[in-house]
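Reader: I'd like a close look at one part of this fold rather than a full tour. Could you pick it apart for me, then show how it fits with what's around it?

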Amino acid sequence: MVQVRVVGVAVDVNAQPVVLLQPLTSVDGEERFLPIWIGAQEATSIVIAAQGAEAPRPLSHDLMKSMLDALDASVEQVEVTRIDAGTFYAEVTLEGPAGRQILDARPSDAIGLALRTGAVIWVADEVFEEASIPADAARVESEEEKLAEFKQFLEDVDPEDFQG
């Protein structure tokens, strides 16, 4: 298993949210990230938790944490356990009065809950090897870089390019 942290949430070229996970220590001396595509609501929840902010009303992950607190249970860890046909799978390990429980979860929900509870996030070695990408491929452009690229496009564009 590789212990990871949430670097942030980005948006891919198709406007789909992606949570980026980074190992706490480099794997084979190379900096890599694990991108996991998630839903918009889950992305919002992860960003709020990563920033240490609070939503005006409890989100689903806040409710899960409140329920665990009320039941005197805690999240021990979350694990991204496998990938099958592009779909990631995760587990949440709970500790409470009923003993240790391992629950099946979507990675986005497991990560959102881990950020709220301070639980450790792990990724199976096989998953990281199969789906991680080099750090330079995961670089997100800043707004200034996007603006400079758009300005360059405007300078190079020819009105004839748009004629039918």
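How many bridges join strand S2 to strand S3, and do the two run parallel or antiparallel?

Author: Before we dive in, a quick note on what you're looking at. It's a predicted model, where local features need pLDDT of at least 70 and side-chain atom pairs count only at pLDDT 80 or more, while totals for chains, interfaces and linings use all residues. Residues are numbered from 1 along each chain as its sequence is written, and side-chain values use heavy atoms, with hydrogens and water left out.

Now your pair. S2 covers residues 17-23 and S3 covers residues 32-37; four bridges join them, and they run antiparallel. Strands here are DSSP runs of E with at least two residues, helices are H or I runs of at least four, and both are numbered from the N terminus. Two strands count as paired if DSSP finds at least two bridges between them. Want some landmarks to click on? Leu-21 stands opposite Leu-34 in S3, and Val-18 has Trp-37 of S3 as its bridge partner.

S3 has a partner on its other side too. Two bridges join S3 to S8, and that pair is antiparallel as well; there, Phe-33 stands opposite Ile-133 in S8. S3 is mostly covered, with five of its six residues buried. "Buried" means under 20% relative accessible area, "exposed" means over 50%, and partly exposed is in between, all with a 1.4 Å probe and protein chains only.

Over in S2, have a look at Pro-17, which lies in that strand. Pro-17 counts as buried because its relative accessibility is 11%. Skipping its neighbours within four places in sequence, Pro-17 is in contact with Val-9, Ala-10, Val-11, Ile-36, Trp-37, Ile-38, Gly-39, Ala-40 and Ala-43, where contact means heavy atoms within 4.5 Å. Take Ile-36 from that list: it's 19 residues from Pro-17 in sequence, and their C-alpha atoms are 8.5 Å apart in space.

Ala-43, another Pro-17 contact, leads us to helix H1. H1 spans residues 40-50, and its buried residues are Glu-42, Ala-43, Ser-45, Ile-46, Ile-48 and Ala-49. Those buried residues pack against S1, S2, helix H2 (60-70) and H3. After H1 comes Gly-52, with a positive phi near 70°.

Let's zoom out to the sheet. Eight strands form an open sheet in the order S6-S5-S4-S7-S1-S2-S3-S8, with mixed pairing. S6 (99-105) and S8 (133-134) stand at the edges with a single partner strand each, so one side of each has no neighbour in the sheet. Helix H3, residues 107-117, packs on this sheet and touches S1 (2-11), S2, S3, S4 (74-84), S5 (87-96), S6 and S7 (120-123); its direction makes about 40° with that of S5. Such angles run from 0 to 180 degrees between N-to-C directions, using axes fitted to C-alpha atoms, for helices over the stretch in contact. H3 is mostly covered, with eight of its 11 residues buried; among them are Ile-111, Leu-113 and Arg-116. Just past H3, Gly-118 takes a positive phi of about 80°.

The other part of the sheet has its own hairpin. S4 and S5 pair in the antiparallel sense over nine bridges. Two residues sit between these strands, and Ala-85 in the hairpin has a positive phi near 55°. Arg-82 has Tyr-89 of S5 as its bridge partner, and the charged end of Arg-82 sits over the ring of Tyr-89, 3.8 Å from its centre. To count, NZ of Lys or CZ of Arg has to be within 6 Å of the ring centre and within 35 degrees of the ring normal. S4 also pairs with S7, this time running parallel, through four bridges, and Val-80 has Val-123 of S7 as its bridge partner.

To place all this in the chain: the secondary structure comes to five helices and eight strands, running β-β-β-α-α-β-β-β-α-β-α-β-α from the N terminus on. Of the chain's 164 residues, 35% count as buried. And among contacts between residues at least 6 apart in sequence, 50% join residues at least 24 apart.
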